[in-house]
Amino acid sequence: MAASSSNILCNASESDPCRDDSAAFLLKLVAIASILLSGAAGVSVPLIGRNRRFLQTDGSLFVTAKAFAAGVILATGFVHMLAGGTEALKNPCLPEFPWSKFPFPGFFAMVAALITLLVDFMGTQYYERKQEREASTDEQSQSIVVPLVAEGGCNDEKVFGEEDSGGIHIVGIHAHAAHHRHSHSQGHGSCDGHSKIDIGHGHEHGGLELGSGARHVVVSQVLELGIVSHSIIIGISLGVSQSPCTIRPLIAALSFHQFFEGFALGGCISQAQFRNKSATIMACFFALTTPIGIGIGTAVASSFNSHSVGALVTEGILDSLSAGILVYMALVDLIAADFLSKRMSCNFRLQIVSYLMLFLGAGLMSSLAIWA
């Protein structure tokens with residue numbers, strides 16, 4: 001009898017005493033508006049504030065707010081997405097083999113984190129080489145020729161760097177001067193006079209510090225891909241639900257979640273110094289993904305069976321992959337990049353406040369799992 005009822009549950013729509021299709025549809029419209037506004041506000045604050053003194057990306061307020069947002073993203077990956085993937089892939093409606101014989105959620109999360117690392121590394125290498133080529137072109141354009149006046153007629157021997165026309169080719173005088181200044185500024189081992197956050201994995205080439213800008217560009221793009229992928233998933237999950245009891249707490253949880261994920265993404269976009277058009281496109285793309293997911297879920301809700309094998313496997317794999325991406329980005333490109341920076345190590349008060357904000361963000365996002 002139990003097996004029969006289980007088959008009915010797995011092959012048909014779930015029986016829910018709180019189901020109300022018309023009320024659920026109205027709540028989905030509210031969810032679309034609330035989440036859209038929250039996401040747009042979150043991603044816009046750092047982009048608008050980068051020209052304001054109180055929210056500049058090298059300010060303490062921005063660093064602490066970003067730590068809070070990083071805690072939200074970390075808890076989203078560990079507590080919400082990975083837990084959701086585990087619940088789906090351990091569902092009794094799935095065949096016992098292979099889903100109960102191997103820890104697939106953790107495996108998919110690990111694979112996603114390693115792939116994200118590879119994309120992160122390759123993207124950074126690409127942008128660093130691009131910067132090096134641009135720096136090399138600038139050096140060549142800044143080279144000058146100094147004519148030599150030789151006494152006593154012609155001399156067959158050339159000075160090092162001398163050209164056939166009788167001049168010395170001096171490459172990158174401006175770059176050498178910049179290198180000289182940079183060497184002096186980096187010679188101090190103390191924190192005195194340090195006013196910028198030392199984020200990135202830069203190296204010098206001709207006196208120009210490369211890598212930091214490339215890291216910000218790659219971080220913002222990979223973070224957006226990770227956030228967008230799971231935003232679509234959670235949007236569809238909300239859209240297919242026909243239970244107002246499920247949708248109401250999700251509206252508050254997802255609005256909170258989208259605002260702070262948007263803030264972290266907007267901060268990375270601001271640090272990458274994209275042009276206004278590119279920054280606007282990335283911001284709009286983020287803000288629209290969850291509402292689009294809700295719309296897709298609403299469209300297929302009438303024919304969707306959340307307990308079918310295909311739906312459970314797809315949901316479990318996508319949730320697990322999203323968890324791996326979010327955990328990697330939160331730990332490596334948001335938390336480690338700031339907490340291991342020169343700015344943070346030289347400011348004990350900023351360390352304490354940032355740690356508190358990090359744990360507060362992670363704790364609040366984790367506690368939402370109780371209601372959502």
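What follows is a chat about a predicted model of a protein.

Student: What does the secondary structure of the protein come to?

Tutor: In this predicted model, the protein has 12 helices and 4 strands. Of its 372 residues, 41% count as buried, and among the contacts with a separation of 6 or more, 83% are between residues 24 or more positions apart.

Student: Let's take H8, then. Does its span come out as expected or not, and why?

Tutor: Helix H8 covers residues 244–272, and at 1.5 Å a residue its 29 residues should span 42 Å, which agrees with the 41 Å between its end C-alpha atoms. H8 does bend, by about 25 degrees, at Leu250.

Student: And how many residues of H8 are buried?

Tutor: The count is 22 of 29, so H8 is largely enclosed by the rest of the structure.

Student: Which residue follows H8?

Tutor: That is Gln273, which is placed in the loop between H8 and H9. Its phi is near 60 degrees, a positive value in a residue that is not glycine. Most residues other than glycine have a negative phi.

Student: Is Gln273 buried or exposed?

Tutor: Gln273 is exposed, because its relative accessible area is 67% and the cut-off for exposed is over 50%.

Student: On the far side of that loop is H9, so how do the axes of H8 and H9 cross?

Tutor: The two axes come within 11 Å and cross at roughly 160 degrees, with H9 made up of residues 276–300. Angles over 145 degrees count as roughly antiparallel, and therefore H8 and H9 are described that way. The crossing is right-handed, and the contact is made by Gln258, Glu261, Gly262, Leu265 and Ile269 on the H8 side and by Ala279, Met282, Phe286 and Thr290 on the H9 side.

Student: Which residues of H9 are buried?

Tutor: The buried residues of H9 include Ala279, Met282, Phe286 and Thr290, and those four residues are also named in the contact with H8. Thr289, Pro291, Gly293 and Ile294 are among the other buried residues of H9.

Student: Where does H9 bend?

Tutor: The bend is at Thr289 and comes to about 35 degrees, with a proline, Pro291, following within four residues. As for the span of H9, 25 residues at 1.5 Å each should give 36 Å, and the end C-alpha atoms are 36 Å apart, which agrees.

Student: Back to Gln258 for a moment: which residue of H2 is in contact with it?

Tutor: Ser38, which lies in helix H2 (residues 21–49), is in contact with Gln258 as well as with Ser255 and Phe259, leaving aside its neighbours within four places in sequence. Ser38 counts as buried because its relative accessibility is 16%, under the 20% cut-off.

Student: Changing topic, what does Ser354 touch?

Tutor: Ser354 lies in helix H12 (residues 348–371), and it touches Val63, Thr64, Ala67, Phe339 and Met344, not counting residues up to four places away in sequence. The C-alpha atoms of Ser354 and Ala65 are separated by 8.0 Å, although the two residues are 289 residues apart along the chain. Ser354 is buried, with a relative accessible area of 0%.

Student: Last one: which peptide bond is cis?

Tutor: The bond from Phe97 to Pro98 is cis, with omega near 10 degrees, and Pro98 lies in helix H4, residues 96–99. Most peptide bonds are trans.

Methods:
Residues are numbered from 1 along each chain as its sequence is written. This is a predicted model: local features need pLDDT of at least 70, side-chain atom pairs count only at pLDDT 80 or more; totals for chains, interfaces and linings use all residues. Side-chain values use heavy atoms; hydrogens and water are left out. Helices (H or I, at least four residues) and strands (E, at least two) are DSSP runs, numbered from the N terminus. The expected span of a helix is 1.5 Å times one less than its number of residues. The bend at a residue is the angle between axes fitted to the seven residues ending there and the seven starting there. Buried means under 20% relative accessible area, exposed over 50%, partly exposed in between (1.4 Å probe, protein chains only). Axes are lines fitted to C-alpha atoms, for helices over the stretch in contact, and angles run from 0 to 180 degrees between N-to-C directions. Angles under 35 degrees count as roughly parallel, over 145 as roughly antiparallel, 65 to 115 as roughly perpendicular and the rest as oblique. A crossing is left-handed if the near helix is turned anticlockwise from the far one by less than a right angle, and right-handed if clockwise. Contact means heavy atoms within 4.5 Å.
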